[in-house]
Amino acid sequence: MFTRTLDSESLHKFAAVEGLGSLTAEPLDVRLERIARLARRSLNAGGVLVSWRDEDGRWLHCGCGPVERVAAGGGSEPEWLEPLASQDQWVRRDDPQVPYLTAIRLADTDRNLVGAFVLFDETTGKRGKQDHDRMRDYAAWVETELRVQHLYRGQERLLEELYMARHQALKDHLTRLWNRHAMVELMARELQRAEREVIGTGLLIGSVDQLDVNVAVPDPQTDALLKTAADRMTGAVRPYDALGKFGGNEFLVMLPSCPADAVTDVADRMLLTLSAQPVDTPSGPLMLTMSMGTAHAGPNDRLDPEDLIRAADVALGRAREAGGNTVVDALSGDYQAD
């Protein structure tokens with residue numbers, strides 16, 4: 001049994017400085033192989049091998065020298081696993097295959113066995129205490145690499161979970177389209193980008209004429225109609241357009257890189273797609289139609305998302321007053337707050 005040359009505080013400092021930066025820029029096996037090469041040269045060894053258990057519980061090996069003579073293949077457990085389960089170091093001497101082998105236990109922060117640092121020689125000369133201390137230093141370095149990798153993978157999983165949670169928070173639970181908050185965020189980014197172009201950004205707000213404006217108390221039939229409208233509108237937009245559920249019976253469509261004279265054409269095409277065929281309901285076939293208001297932001301207009309939404313919403317109100325199933329473009333005065 002022995003005490004690590006590098007204490008816990010030193011290992012954490014090493015991880016913070018070396019591990020969280022440049023060490024994770026390369027694959028783990030590349031970093032461990034580099035350590036093995038340094039250790040072999042420093043200790044004048046026949047070979048150095050690092051064995052570790054991956055996230056799936058398989059044993060992996062890398063190193064330098066004729067490591068295949070001592071490494072187990074096919075992800076199986078190496079021969080030194082059993083002795084290292086109960087002690088920190090295991091030495092084997094005078095074996096016909098490898099005259100001298102030293103395996104040092106690698107542990108995680110909870111002292112669970114996660115791998116081994118192995119040095120082997122072709123001669124029968126015994127290693128002294130100084131060499132063993134240096135081996136333990138390299139083993140401590142490998143332990144730090146493995147812990148950094150564990151933290152790095154944990155951080156990746158956490159970021160993925162946070163991304164998924166945020167992604168779900170930006171989706172409308174019924175239609176799976178973007179919700180209002182997400183659409184405003186997407187519009188803000190697009191309007192900033194569009195300032196560098198000369199085409200501009202279009203915006204459509206449409207409401208399903210056959211549904212109550214507020215849809216305060218949804219029912220299965222209402223939900224089915226909203227889903228049908230969402231599916232048909234999704235099929236009518238370009239891959240890079242953004243379609244969102246805006247609340248009640250309203251949908252919002254952002255049209256990046258869309259000239260002002262094309263916005264109405266897109267709206268007309270969406271109305272035709274929506275009413276292409278009737279929807280089966282318990283009360284019989286129902287033809288879906290939509291009232292739609294349009295707005296446009298040119299590269300020099302300096303409009304924010306709320307300006308565009310306000311203008312399109314005012315135009316939508318005129319479309320409803322006109323009897324529905326129509327498209328109305330916003331006027332210049334609609335972009336200004338009252």
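1. Let's start with a single pairing: Ser-51 has Ala-116 of strand 5 as its bridge partner. Please keep in mind as you read on that this is a predicted model. The Ser-51 bridge belongs to the contact between strand 1 (residues 47-53) and strand 5 (residues 113-121), which run antiparallel and are joined by six bridges.

2. Stepping back, strands 1 and 5 sit in an open sheet of five strands, ordered 2-1-5-4-3 with antiparallel pairing. Strand 2 (59-64) and strand 3 (89-93) are the edges of this sheet; each has a single partner strand, so one side of each is left without a neighbour in the sheet. On average, neighbouring strands here are turned by 15 degrees against each other, direction ignored.

3. Further along the chain you will find another open sheet of five strands, in the order 7-8-6-9-10, and here the pairing is mixed. Its edge strands are strand 7 (242-247) and strand 10 (327-329), each of which pairs on one side only. The average turn between neighbouring strands of this sheet is 20 degrees, again with direction ignored.

4. Within that sheet, have a look at strand 6 (residues 201-208) and strand 9 (residues 290-297): eight bridges hold this pair, in the antiparallel sense. For a residue to click on, try Ser-207, whose bridge partner in strand 9 is Ser-291.

5. Finally, which strands does helix 7 lie across? Helix 7 (residues 260-274) lies across strand 6, strand 8 (250-255), strand 9 and strand 10. Relative to strand 9, helix 7 runs at about 160 degrees.

Definitions and conventions. Residues are numbered from 1 along each chain as its sequence is written. This is a predicted model: local features need pLDDT of at least 70, side-chain atom pairs count only at pLDDT 80 or more; totals for chains, interfaces and linings use all residues. Side-chain values use heavy atoms; hydrogens and water are left out. Two strands pair if DSSP finds at least two bridges between them. Helices (H or I, at least four residues) and strands (E, at least two) are DSSP runs, numbered from the N terminus. Axes are lines fitted to C-alpha atoms, for helices over the stretch in contact, and angles run from 0 to 180 degrees between N-to-C directions. Contact means heavy atoms within 4.5 Å.
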